[in-house]
Amino acid sequence: MKKSNISMKGRLRTYLYMPMLLTPLLIVINVLVYMDNTTSGAMFSGFVLLYFLIMLFVYIHNKPLLVEELVNFATQYATVQKQLLNEFEIPYALLDFNGKILWVNKQFTEITGKDKNYHKSIMTVFPTLTKELLQRSDGAQAMNLTMEDREYRVAMKRIYFDTASHGGLTVSLEESSEYMTALYLFDETELNHYIKENEEQRLVAGLVYIDNYDEALDSIEDVKRSLLTALIDRKVNKYFTEIDALVRKIERDKYFIVFKNQYMHQLQEDRFSIIEDVKTVKVGNEMAVTLSIGIGSGGDSYNQNYEYARMSIDLALGRGGDQVVVREGEEISYYGGKTKQVERNSRVKARVKAHALREVIESREHVIIMGHSISDVDSLGAAIGVYCAARVLGKKAQIVLNEVTSSLRPLVEGFSEDKGYPADLFINSEDAIMLTNRDTLVVVVDVNRPSYTECPELLKRTDTVCVFDHHRQNSEVIENPVLSYVEPYASSACEMIAEVLQYFSENIKLESHEADCIYAGILIDTNNFMTKTGVRTFEAAAYLRRAGAEVTRVRKMLRNDMAAYKARAEAVRHAEVYRGAFAISVCPADNVESPTIVGAQAANELLNIVGIKASFVLTEYQGKIYVSSRSIDEINVQLIMERLGGGGHLNVAGAQLTDCSVLEAKHIIQDTIDEMLEEGDITE
């Protein structure tokens with residue numbers, strides 16, 4: 001195309017035409033001058049004509065020169081721009097709609113070895129950059145990839161033709177060709193290296209407690225006690241110094257440790273073998289030494305990591321000890337916890353909690369007590385015990401009970417107005433919400449998870465909450481209770497309340513039916529004193545017996561009706577044995593008033609079968625699948641139930657499943673057992 005054929009437009013054309021466009025204005029002025037003076041008008045006409053001829057000559061003469069200058073400038077500008085883009089420090093490539101390479105710069109060629117003549121698909125260079133990925137996003141997007149040990153961040157940006165030309169296109173392009181994709185490669189190898197190094201260098205705080213220090217020392221001779229302590233110190237120090245950790249003994253049975261975050265994965269892969277290794281320390285001690293470890297990491301500061309470690313050790317102790325709890329930010333992981341909890345012989349803690357409860361009740365005029373949803377005998381018995389404590393102090397106390405099942409009815413009927421009890425002793429959730437305010441004391445028994453309580457809303461309506469429970473804690477706990485007494489070694493909540501009542505007041509007196517209720521709770525949760533029983537369990541039962549509990553009377557109240565007995569028998573009859581050691585069955589809920597309780601009873605019955613190490617009974621009730629699990633000593637069913645979102649104890653645990661059928665729930669349990677057997681968390 002010749003330069004003379006190039007036409008100008010826009011502001012440049014207007015600028016060139018401007019002098020000639022002023023000629024009509026001069027002609028108008030010339031007419032006005034003619035009207036005033038003919039001679040002057042004639043002279044002005046000559047000036048206008050001369051001005052027009054000169055401007056026309058200048059335009060015709062300068063236009064080719066100006067065009068030539070513009071073309072030269074544009075050519076030089078494009079050359080410089082192309083050179084700059086080609087020598088751009090960031091690898092750069094242009095792709096068409098299908099991912100075909102249109103153009104690459106020098107840096108891209110050096111990295112990939114593909115020059116400007118390479119016009120194949122980008123997938124031949126980076127297989128992860130698929131056509132679907134390029135076409136999926138209509139805006140900027142980024143991803144990471146690796147090439148020859150270098151890590152790159154790939155940024156992609158669409159370049160639309162209509163945007164680039166500011167709407168100057170004279171034809172309509174097809175959608176598939178309306179844009180190109182600009183691809184940038186950012187080498188982030190060193191950046192990622194420093195980020196990883198910085199993350200690995202962050203310090204992790206930990207607390208190590210010896211669970212049964214006093215009990216272990218009491219079981220050996222005096223001369224060997226220092227040896228036992230030295231051996232434990234050596235094992236703890238050796239295990240953690242191998243990962244370059246700082247270990248300091250802060251008390252006779254407590255250690256504080258600090259180590260780099262880079263070793264956290266190593267400890268998790270090892271599953272904190274120190275908790276099993278320390279049990280091998282034997283110098284004549286009958287009782288194996290166990291450790292509880294709390295690890296805190298992922299905090300914004302060292303203080304926050306220490307707080308995480310402190311929260312983790314509290315959780316580990318609240319779950320019965322002999323385990324490791326790791327808190328990384330908001331995520332919590334559990335390791336160990338396979339052995340039976342050690343019963344504490346000291347009653348100091350029970351006495352301290354009893355005095356604390358007395359002070360809290362005395363400071364409030366109204367007490368509301370609640371257990372877990374679908375209350376059982378242990379929950380009701382513990383609530384009755386707290387009611388008796390409040391009554392001694394002259395405080396009004398009420399128990400939240402939404403549903404009275406067949407197993408509870410004989411017990412609840414004993415607290416009628418005819419026998420001197422208030423008519424509003426038992427209230428439902430709606431009434432409890434209306435009665436609760438910031439000054440109300442809410443006592444939670446037999447549960448420590450807010451979502452499992454009879455009325456979770458009560459916990460938000462008061463500032464004073466007390467918790468008494470014997471279940472192992474998990475990450476969901478009641479926040480900021482003024483009094484928390486959670487002891488996993490206890491057989492039942494009723495055992496804990498019975499101990500508290502002995503120290504609560506000298507003049508406390510239980511009615512026979514009240515003692516029956518608390519005794520019944522212990523009886524049910526221990527399966528007639530066959531599981532989770534210790535010295536303190538029998539001492540609590542003896543106290544209740546002295547208070548008026550009658551074994552025969554309790555047994556009559558706990559008898560099942562015919563429908564419940566048949567349902568339990570059906571569950572046992574149709575049980576399936578999985579992997580030769582796990583009994584799984586379904587308890588029918590039709591015509592049974594308390595199917596979840598019957599399911600728990602069936603789970604206990606299945607343990608009487610030779611070869612069964614753990615039992616699981618599923619009950620479909622109120623839109624949920626309730627799982628009751630039991631074991632004798634070899635299998636920790638609490639770990640299994642935790643995988644399903646539940647919890648409990650080593651031998652007694654449960655869970656609730658939603659959005660699944662009974663058959664699907666059975667498969668979930670089987671898959672969980674397989675997974676834990678493979679990981680070594682449980683053994684056949």
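**Entry 1: the surface patch**

I began with M18, which lies in helix α1. The model I am reading is a predicted one, and I keep that in mind throughout. Is M18 buried or exposed, or something in between? I find M18 partly exposed, because its relative accessible area is 39%, a value that falls between the 20% and 50% limits. I then looked for the company that M18 keeps on the surface, and found a nonpolar patch made of M18, L21, L22, L25 and I29, whose accessible area together comes to about 440 Å². The elements that contribute two or more residues to the nonpolar patch are α1 (11-21) and α2 (23-36).

**Entry 2: the sheet**

Next I traced an open sheet of 6 strands, and I noted its order as β7-β8-β6-β9-β10-β11, with pairing that is mixed. Which strands stand at the edges? They are β7 (246-251) and β11 (331-336), and since each has a single partner strand, one side of each is left without a neighbour in the sheet. I also looked up the turn between neighbouring strands of this sheet, which is 15 degrees on average when direction is ignored.

Within the sheet I followed the pairing of β6 (residues 203-210) with β8 (residues 254-260), which is antiparallel and extends over 7 bridges. One residue I checked there was L207, whose bridge partner in β8 is F256. I then turned to helix α12 (residues 302-318), which packs on the sheet and touches β6, β8, β9 (291-297), β10 (323-328) and β11. The direction of helix α12 makes about 150 degrees with that of β9.

**Entry 3: the hairpin**

I went on to β10 and β11, which run antiparallel and are joined by 6 bridges. How many residues lie between β10 and β11 in the hairpin that they form? I count 2 residues between them, and G329 in the turn has a positive phi of about 70 degrees. For the bridge at E328, I recorded E331 in β11 as the partner.

**Entry 4: a lysine in α24**

Last, I looked up K666, which lies in helix α24 (residues 662-679). Is K666 buried or exposed? K666 counts as buried because its relative accessibility is 12%, and the limit for that class is under 20%. To see what surrounds this lysine, I set aside the neighbours of K666 within four places in sequence, and the residues in contact with K666 are then E576, I584, V586 and L618.

How values were computed. Residues are numbered from 1 along each chain as its sequence is written. This is a predicted model: local features need pLDDT of at least 70, side-chain atom pairs count only at pLDDT 80 or more; totals for chains, interfaces and linings use all residues. Side-chain values use heavy atoms; hydrogens and water are left out. Patches are made of residues with over 30% relative accessible area and no salt bridge: like charges are joined within 9 Å, nonpolar side chains (Val, Leu, Ile, Met, Phe, Trp, Tyr) within 5 Å. Accessible areas come from the Shrake-Rupley method with a 1.4 Å probe; for residues, only the protein chains shown count as cover. A salt bridge is a side-chain nitrogen of Lys or Arg within 4 Å of a carboxyl oxygen of Asp or Glu. Helices (H or I, at least four residues) and strands (E, at least two) are DSSP runs, numbered from the N terminus. Buried means under 20% relative accessible area, exposed over 50%, partly exposed in between (1.4 Å probe, protein chains only). Two strands pair if DSSP finds at least two bridges between them. Axes are lines fitted to C-alpha atoms, for helices over the stretch in contact, and angles run from 0 to 180 degrees between N-to-C directions. Contact means heavy atoms within 4.5 Å.
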